[in-house]
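Hi,

Here is the structure I promised to send over. Have a look at it first, and my notes follow underneath.

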Amino acid sequence: MTTIITNISCLVNTREESHLLRGKELAELPVIKDAYLIIEDGIIADYGIMDDLIHAARSFSETYDATGQFVIPSWCDSHTHLVFSGSREQEFVNKINGLSYAEIAAKGGGVLNSTAKLNQATEEELFYLAWDRLQEVQKLGTGAIEIKSGYGLSVEGELKMLRVIKELKRKSKIPIKATFLGAHTYPAAYKEDHEGYINLIVDEMLPVIAEERLADYIDVFCEEGFFNAEETERICRAGMAVGLKPKLHANQLSLSGGTQVGIKVGALSVDHLETLNEETISLLANSNTIGTLLPTAAFFLRMPYQPARQLIDAGCAIALASDFNPGSSPSGNMNFVVALSCIQMKMLPEEAINAATINGAFAMELEDEVGSITKGKLANLIITKPISSLAYLPYSFGTNLIDKVMIKGEFI
Ligand code: NIG
Ligand code: FE
């Protein structure tokens with residue numbers, strides 16, 4: 001099956017090869033105006049300018065005329081907690097009434113609230129809830145996604161979540177990466193026995209995860225009142241011993257040392273980064289670790305945004321992700337993530353699009369499959385409604401500017 005998209009007003013993020021973008025490179029977004037794109041069996045086969053299109057000898061199973069429309073590689077959402085049961089809008093109202101995220105967590109709300117709900121749900125129920133969310137975010141342009149466990153907090157609960165993610169991987173048309181986040185918080189029974197819970201993670205959960213190949217990455221919520229830097233390092237090293245690379249929750253609420261630990265253990269990414277100082281930014285800039293910014297979590301929790309400008313100016317490699325979860329970002333809309341990054345963090349539209357596509361792909365080690373318009377990559381694409389420029393996307397935030405989404409060469 002060969003499809004051609006013709007008369008594309010602007011084909012965005014065309015790259016012959018992919019490399020992780022850092023610092024100034026993020027502002028360089030290659031585009032082709034008045035372009036065509038050929039897709040063969042779900043894979044990008046060719047692209048170029050309309051003037052060069054000599055297709056007299058070729059026949060296509062399907063032709064789509066994209067006059068006035070932009071074609072962008074699908075969003076690569078490298079940090080989500082898509083598997084959960086129930087919602088937490090009561091906490092949202094409590095916050096409006098003055099309670100902080102930390103206060104809600106201390107009262108047994110927060111992650112533990114979702115843990116209680118998750119433990120009541122069957123694997124099948126969790127699968128269908130997550131499947132619906134997966135379909136929803138695909139319609140919003142997400143074409144690759146990372147999903148974490150972390151609401152089970154028991155051997156049974158964590159394995160249940162990871163098996164749900166494995167089933168999502170098996171059934172989904174978009175690439176999915178699974179992250180084990182047993183160290184999300186301490187379950188009530190281990191509130192005073194941190195050592196005991198970490199032993200449970202290391203001795204009971206990780207061996208089964210390794211045996212059943214249930215995860216690609218290991219994550220720890222490195223934060224004051226949760227897992228400290230030493231505990232984080234121990235858990236990361238235990239994960240690495242069974243082949244799981246770290247991707248950490250770091251520096252969300254405090255200077256937790258999470259970024260330092262992440263760099264020390266060679267983490268693929270350190271995520272959140274609301275709370276940073278110059279020293280930490282410079283360490284990150286001089287490392288191979290990606291800084292993943294989650295601005296919708298800062299937005300929803302009314303926290304200061306991540307210092308994107310300082311990070312980029314220091315030369316960091318930045319990705320953007322949604323953090324889709326019921327507590328701090330009950331939305332997986334990457335279009336809003338991109339808009340918010342421009343509006344509140346002063347990222348240029350080009351920087352935000354690169355961070356949400358190619359660098360997001362790198363933050364999931366999916367750079368050979370997705371994240372740019374490159375021959376051989378999956379045809380996972382966003383086809384916008386007719387728009388006047390790329391900047392129009394974040395500028396008109398909240399407006400749905402997606403006309404069509406293509407996954408592996410098929411319109412969904
Ligand atoms: O990434 N901060 C820790 N974990 C999530 C929130 C989880 C929750 O509140 O359910 C986050 O923001
Ligand atoms: Fe998160």
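Set aside the neighbours within four places in sequence, and Thr-115 is in contact with Tyr-151, Gly-152 and Leu-153. Thr-115 itself sits in helix α3, which covers residues 111-120. Is Thr-115 buried or exposed? With a relative accessible area of 8%, Thr-115 counts as buried, because the cut-off for that is under 20%. Keep in mind while you browse that this is a predicted model.

Next, the metal site. Which protein residues act as donors to the iron ion (ligand 2)? They are His-79, His-81 and His-249, each through NE2, plus Asp-323 through OD. These donors lie 2.1 to 2.2 Å from the iron. If you want to search for the pattern, the spacing along the chain reads H-x1-H-x167-H-x73-D. Two of the donors, His-81 and Asp-323, link distant parts of the chain, being 242 residues apart. His-81 is in the loop between β6 (75-77) and α1 (89-96), while Asp-323 is in the loop between β13 (318-320) and α12 (334-345). Both ends of that link are buried: His-81 has 2% relative accessibility, and Asp-323 has a relative accessible area of 1%.

Now the domains. The assignment splits the chain into domain 1, made of 2-73 + 372-411, and domain 2, running over 76-362. Their C-alpha centres are 30 Å apart. In the contact between them, domain 1 takes part with 32 residues and domain 2 with 35 residues.

How much area is buried between domain 1 and domain 2? The figure is about 2,400 Å², and carbon and sulfur atoms give 68% of that. On the domain 1 side, Leu-20, Arg-22 and Leu-26 lose the most area to domain 2; together they make up 26% of what that side buries.

As for polar interactions, there is one salt bridge between domain 1 and domain 2, along with 13 residue pairs in polar contact. By secondary structure, β5 (70-73), α15 (392-395) and β15 (402-407) each supply at least two residues of the domain 1 side that touches domain 2. The largest share of that side, three residues, comes from β15. One salt bridge to look at in your viewer pairs Glu-410 with Lys-173, where the closest N and O atoms are 3.3 Å apart.

Cheers

Key
Residues numbered from 1 in each chain as written. Chains lettered and ligands numbered in written order. Predicted model: local features only at pLDDT ≥ 70, side-chain atom pairs only at ≥ 80, totals over all residues. Heavy atoms only, no water. Donors = N, O, S within 2.8 Å, 3.2 Å for Na, K, Ca; no water. Helix = DSSP H or I, 4+ residues; strand = E, 2+ residues; numbered from the N terminus. Buried < 20%, exposed > 50% of the residue type's maximum accessible area, 1.4 Å probe, protein only. Domains from an automatic or database assignment. Contact = heavy atoms within 4.5 Å. Buried area = accessible area lost by both parts, 1.4 Å probe. Salt bridge = Lys/Arg side-chain N within 4 Å of Asp/Glu carboxyl O. Polar contact = N/O pair within 3.5 Å; in protein donor to acceptor, adjacent residues only side chain to side chain.
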